[in-house]
Amino acid sequence: MALVKKVLVVGGGIGGMCAAIQLRKQGVDVVLVEQNPQWAPDGAGITISGPTLRALRTVGVVDEVIRRGGQWTHIDLCAADGSVMVTLPMERTTTAEELPPAGGIMRPVLAEILANATRASGTTVRLGLSFESMVQDGDGVDVVFNDGSRDRYDLVVGADGVLSKVRAVILPEFAGPRFTGQGSWRAVVPRTRQNSSIYMGKTTKAGLNPVSATESYLFVLDRREGLEFIAPDQWPHLLAELISEFGGSIAEIRDGLLNGTLRHDRIVYRPLAGHLIDAPWHRGRIVLLGDAVHATTPHLASGAGMAIEGAVVLAEELGRRHFLEGALMAYAGRHYDRARLVVSASARMGEIEQTGGSQDEHRQVMLHAMHALRAPI
Ligand SMILES: Cc1cc2nc3c(=O)[nH]c(=O)nc-3n(C[C@H](O)[C@H](O)[C@H](O)COP(=O)(O)OP(=O)(O)OC[C@H]3O[C@@H](n4cnc5c(N)ncnc54)[C@H](O)[C@@H]3O)c2cc1C
């Protein structure tokens with residue numbers, strides 16, 4: 001007998017959509033609520049690592065992600081002046097050797113692909129909606145939504161991101177994510193390089209990853225004092241200043257920012273925060289997924305991958321166990337180690353960047369984690 005028949009997923013981000021799709025494959029009745037009426041993420045690029053592509057293959061959308069995104073097989077590690085120090089071949093992912101070793105895509109394109117798959121799965125999608133309260137007993141969770149409607153579910157999946165409101169229901173003592181000391185800048189630019197490329201500056205790191213056949217996204221991480229608000233009209237000028245130490249393709253982008261040939265509305269700034277909550281990740285019939293329990297800085301470009309893998313593992317465990325408690329324990333037990341690797345290795349890379357530490361150690365931490373993540377989930 002199925003452990004759960006009716007599930008509420010709170011949050012229609014990458015993790016929530018994948019959870020809904022995977023649960024629908026088991027015939028579970030799924031309702032997904034998303035507070036954003038437009039159901040659209042910011043217009044930045046996102047890197048889809050080999051393991052993430054493998055997880056998207058399980059979800060059933062990898063062909064479209066590859067068709068509409070960009071891929072690469074090598075990373076150029078460059079000095080600040082743009083000269084290539086070393087070109088590293090990317091390892092293909094275990095049990096997914098037929099897939100490209102890495103790729104990228106625009107976030108709105110990935111969101112559209114997953115949203116179409118979510119609707120096609122038969123999930124009931126309710127946009128512009130959050131919840132007011134959630135009260136559980138041994139048999140179910142009573143949820144009151146903020147439009148006044150209410151319903152009862154066998155399980156609630158809190159996939160509502162780094163500032164999760166579901167988390168506040170089951171872990172009210174959690175202090176919240178920590179600012180990591182860095183800010184992230186991203187901009188969509190013409191694709192001028194075949195490979196992914198990373199440029200190491202003194203305390204600023206920049207890189208270019210393809211997101212389609214014709215476009216790449218520039219990512220820049222810089223040291224920041226705190227979570228200060230930066231007005232968007234300052235972003236182009238500040239970003240141009242930040243990348244002034246870099247040569248090569250990045251210098252051309254700087255020129256484009258300053259002379260206005262690069263579109264300023266395609267720049268996004270965000271201070272970085274992270275956290276990893278100790279397992280288990282559920283209390284009773286409410287379970288957390290993705291950034292709600294393990295939010296990482298983007299150094300390994302694997303946070304979304306962890307949310308997708310978490311969704312796959314959660315659905316698998318719900319589908320094959322005999323008791324809900326066992327399934328939810330097994331979900332966190334199987335997924336914790338990989339999420340921890342991503343969060344801790346990314347945090348270490350960020351520390352090295354902020355302190356101008358050893359670039360050799362930085363490279364080793366990155367390569368070790370990327371290699372380990374190739375293992376089957
Ligand atoms: C700067 C930056 C760059 C990154 N780059 C990469 C990368 O290249 N590759 C990668 O794999 N990962 C990357 N990540 C990480 C990745 O973006 C996240 O790990 C991923 O989006 C987490 O997905 P999620 O579904 O858990 O949460 P989210 O994507 O945050 O989705 C949560 C959803 O829940 C909704 N929501 C929130 N509260 C409520 C509520 N109360 N009720 C209803 N809905 C609600 C939100 O509107 C949102 O749609 C990056 C992160 C950052 C900050």
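A residue counts as near a molecule or strand if its C-beta atom, placed from the backbone, lies within 6 Å of it. By that yardstick, 31 residues surround the ligand, and the closest are G11, G13, G161, G290 and G303. The model is a predicted one: local features need pLDDT of at least 70, side-chain atom pairs count only at pLDDT 80 or more, and totals for chains, interfaces and linings use all residues. Residue numbers start from 1 along each chain, as its sequence is written.

Who lines the ligand? Helices (H or I, at least four residues) and strands (E, at least two) are taken here as DSSP runs, numbered from the N terminus. Helix 1, strand 2 (29-34), strand 3, strand 17 and helix 8 each put at least two residues into the shell, and helix 8 gives the most, with four residues. Sorted by class, the shell comes out at 10 nonpolar, 16 polar and five charged residues. In this tally Ala, Val, Leu, Ile, Met, Phe, Trp, Tyr, Cys and Pro are nonpolar, Asp, Glu, Lys and Arg are charged, and the others, Gly among them, are polar.

Turning to the sheets, two strands are said to pair if DSSP finds at least two bridges between them. Eight strands make up an open sheet with mixed pairing, in the order 6-5-14-15-16-13-17-20. Its edges belong to strand 6 (84-89) and strand 20 (294-295), each of which has a single partner strand, so one side of each is left without a neighbour in the sheet. At one of these edges, strand 17 (residues 267-276) and strand 20 pair in the antiparallel sense over two bridges, with H275 bridged to A295 of strand 20. Helix 7 (residues 248-259) packs on this sheet, where it touches strand 5 (74-79), strand 13 (178-190), strand 14 (196-200), strand 15 (205-210) and strand 16 (215-223). The direction of helix 7 makes about 90° with that of strand 15; axes are lines fitted to C-alpha atoms, for helices over the stretch in contact, and angles run from 0 to 180 degrees between N-to-C directions. Contact between two residues requires their C-beta atoms, placed from the backbone, to lie within 7 Å.

At the other edge, strand 5 and strand 6 are antiparallel partners over five bridges, and C78 has V84 of strand 6 as its bridge partner. Four residues lie between the strands of this hairpin, where G82 takes a positive phi near 100°. Burial follows a C-beta count: a residue is buried if 20 or more other C-beta atoms, placed from the backbone, lie within 10 Å of its own, exposed if 12 or fewer, and partly exposed in between. Of the six residues of strand 6, the number buried is zero, so strand 6 lies largely in the open.

Strand 2 is another story. Five of its six residues are buried, so strand 2 is largely enclosed by the rest of the structure. Strand 1 (residues 6-10) runs parallel to strand 2 and is joined to it by five bridges, with V7 opposite V30.

Helix 2 (residues 50-59) is mostly covered too, with nine of its 10 residues buried. Those buried residues pack against helix 1 (14-24), strand 3 (45-49), helix 3 (62-68), strand 7 (102-106) and helix 8 (303-320). Just after helix 2, G60 has a positive phi of about 105°.

Helix 4 (residues 107-120) has 14 residues and reaches 20 Å from its first C-alpha to its last, close to the 20 Å expected at 1.5 Å a residue; the expected span is 1.5 Å times one less than the number of residues. Its buried residues are R107, L110, A111, I113, L114, A115, A117 and T118, and they pack against helix 1, strand 2, strand 3, helix 3, strand 7 and strand 8 (124-127). G122 follows helix 4, with a positive phi near 95°.

A further open sheet has three strands in the order 9-10-11, paired antiparallel. Strand 9 (131-136) and strand 11 (150-153) take the edges, each with a single partner strand, so one side of each is left without a neighbour in the sheet. Neighbouring strands here are turned by 20° against each other on average, direction ignored. Strand 10 (residues 141-145) and strand 11 pair over four bridges, and V143 stands opposite D151. F131, in strand 9, is buried, with 22 other C-beta atoms within 10 Å. Leaving aside residues up to four places away in sequence, F131 touches V10, V143, V144, F145 and N146.
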